[in-house]
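Please examine the sequence and the structure shown below. The paragraphs that follow lead through selected positions, a pair of helices and the chain as a whole.

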Amino acid sequence: MLSIAAKYLKSYLFYQKSQRWSRDRIEAHQDEMLKRLIRHAGKQVPYYRRLFRSVGFDPESFRGREDLTRIPLLDKETVRTRRDELIADNARSYGITWESTSGSTGTPLHLIVDRGAQAAKLAALLRSYQWAGYSLRKKTFSLQSYYIENADFEYKPVFNVLRYDSNKLRKDSALKVIAEVNRIKPKFFMGFPFDLLMFSRFALDEGIEIALPDAVVTYGETLSEHKREALKRAYKCGIFDFYSNHEANVMIAECEHHRLHLIDDFALHEVIEAYSDNLANNGRGELIGTGLYNYAMPLIRYRTRDDIVLSDDGARCPCGRNFPVVEQIIGKQCDYIETPDGRLLGAVMSHSIDNGRGVVMSQCIQDALDHIDVNLVVDNQYNENSQQAIERDLRKRLGREMRIDFHIVPQLVKRDGGKTPFILSKIGRTYV
Ligand SMILES: [Zn+2]
């Protein structure tokens, strides 16, 4: 078996080449990879053995994308409740890494992303960042949920990266980090849009200038037009959005010409109109992803619960790559929480629910500076330990002073217009 480093290198070289492939070649590659994966799923994965039998689907007859709609869609709820059946009998041979995620939906999932899928994801991600001007030699500032012990930030010389723990994001700590940024002068910034925006606002409030980067890459939450413009004004450089998931079965990246592309050499993407199985070739629909690599736990036709809008003219991007153009990622839109000690927490909060066994959906509603209600929709797996695990992880972010009340509810609170945000602010810290 290839060593991990060799796998990464192989993936890296692959993605450098495949971005120049013709559309026909990309699609032939997808068909080939899908055939292999679906036959494997039919043999080795208990969930798919049963599913294929029950819908009368013979994996040996599978020809490629044209046959994909014969396989039913897979939703998060099925992954949550039938996880063990989705793990291949021979999963171990692919190298197992467990991932925990709540995405931005507040539904905790534990799943396996095997070594090959990890390598492919890292390589495809690296290529996307290169489109924005990144290189391994470039000094980078990364604002993320790092859980740095006993410090707010750290510099990792090997990777040339200054890391700032977004759980510690508040004014006094941000000002220290801004001083560090101004000393090191990283040329590449990355983080959640909300966090990067707050970071720049703290500098603005104090009349301090931040040493400007060449580019900013954002990910982890929806980048609204409003946020993009605000980030452009703050950092005076190109903003590049990136969208992916822990499940490693979708990827969208922004190229040098600031167009979003479906990364079709990493996953097979479909866009489906709500509640129908018809392929919506144009326009808005839910993004459905099939990762091409994860043999330990294949997730086929996985519903992301995120809507995207595909470009309707089908025009080629000036970058020359044959990846479809996405007009807009709709995604989730949540408010943010302000803690009594002045920290501001956005979509990063959803990680607090990652260990909540038996939680089907969740939501945080802040109605006072020192009080939040946590609404949980649960099933029979939920018990006292689940609540303790969530409370422990919430405390890490919210601190001691925040009062937290848990409520088991039949359904979550909706915003006007029908959306169900993970964070709902009743003290005016609303989504922009
Ligand atoms: Zn392009």
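In this predicted model, Gly106 touches Ser350, Ile353, Met361, Ser362, Gln363 and Phe422, once residues up to four places away in sequence are set aside. Gly106 itself belongs to the loop between β1 (98-101) and β2 (109-112). Its partner Ile353 stands 247 residues away in sequence, yet the two C-alpha atoms are 6.5 Å apart in space. Gly106 has 28 other C-beta atoms within 10 Å; because 20 or more are needed for a residue to count as buried, Gly106 is classed as buried.

Ser102 is found in the loop between β1 and β2 as well. Not counting residues up to four places away in sequence, Ser102 touches Thr107 and Pro108, together with Ser350, His351, Ile353 and Asp354. Ser350 and Ile353 thus appear among the contacts of Gly106 and among those of Ser102. From Ser102 to Ile353 the separation is 251 residues in sequence and 6.6 Å in space, C-alpha to C-alpha. Ser102 is also buried, since 24 other C-beta atoms lie within 10 Å.

A further buried position is Ile337, which has 24 other C-beta atoms within 10 Å. Ile337 lies in a strand, β15, made up of residues 337-338. Apart from neighbours within four places in sequence, the contacts of Ile337 are Leu345, Met349, Cys364, Gln366, Ile372, Ile423, Ser425 and Arg429. Ile337 and Ile427 are 90 residues apart along the chain, and their C-alpha atoms are separated by 9.0 Å.

Pro59 offers another setting, in the loop between α3 (46-54) and α4 (76-81). Here 18 C-beta neighbours fall inside 10 Å, so Pro59 counts as partly exposed. Beyond the neighbours within four places in sequence, Pro59 is in contact with Ile38, Arg39, Gly42 and Phe52. Arg36 is 23 residues from Pro59 along the chain, with 9.5 Å between the C-alpha atoms of the two.

Two loop residues call for attention on account of their backbone geometry. Tyr147 has a phi near 55 degrees, a positive value in a residue other than glycine. Tyr147 is located in the loop between β3 (140-144) and β4 (153-156), and it is exposed, because 10 other C-beta atoms lie within 10 Å and 12 or fewer place a residue in that class. His258 likewise is not a glycine and has a positive phi, of about 55 degrees. The loop that holds His258 runs between β9 (251-254) and β10 (260-262). Is His258 buried, exposed or partly exposed? With 15 C-beta neighbours inside 10 Å, His258 is partly exposed.

The packing of two helices may be considered next. Helix α7 (residues 171-184) packs with helix α8 (residues 193-205) at an angle of about 85 degrees, and their axes are 9 Å apart. The two helices are therefore roughly perpendicular to each other. On the α7 side the contact is formed by Lys171, Ala174, Leu175 and Ile178, which meet Phe199, Phe202 and Ala203 of α8. Classified by type, this contact comprises six nonpolar residues, no polar residues and one charged residue.

At the level of the whole chain, the model contains ten helices and 20 strands. The radius of gyration is 22 Å, close to the 22 Å that the globule rule gives for 432 residues, so the protein chain is as compact as a globular protein of that length. Along the principal axes, the C-alpha atoms fill a box of roughly 65 × 50 × 45 Å. Of the 432 residues, 43% count as buried. Among contacts between residues at least 6 apart in sequence, 67% join residues at least 24 apart.

Confidence in the prediction remains to be described. The mean pLDDT of the protein chain is 92, and 96% of its residues reach 70 or more. Over residues 275-281, however, pLDDT stays under 50. For this stretch the model has eight contacts beyond four places in sequence.

Notes: Residues numbered from 1 in each chain as written. Predicted model: local features only at pLDDT ≥ 70, side-chain atom pairs only at ≥ 80, totals over all residues. pLDDT = per-residue confidence, 0-100. Contact = placed C-beta atoms within 7 Å. Helix = DSSP H or I, 4+ residues; strand = E, 2+ residues; numbered from the N terminus. Axes fitted to C-alpha atoms, helices over the stretch in contact; angles between N-to-C directions. Parallel < 35°, antiparallel > 145°, perpendicular 65-115°, else oblique. Nonpolar A, V, L, I, M, F, W, Y, C, P; charged D, E, K, R; others polar. Rg over C-alpha atoms; globule rule 2.2 N^0.38 Å.
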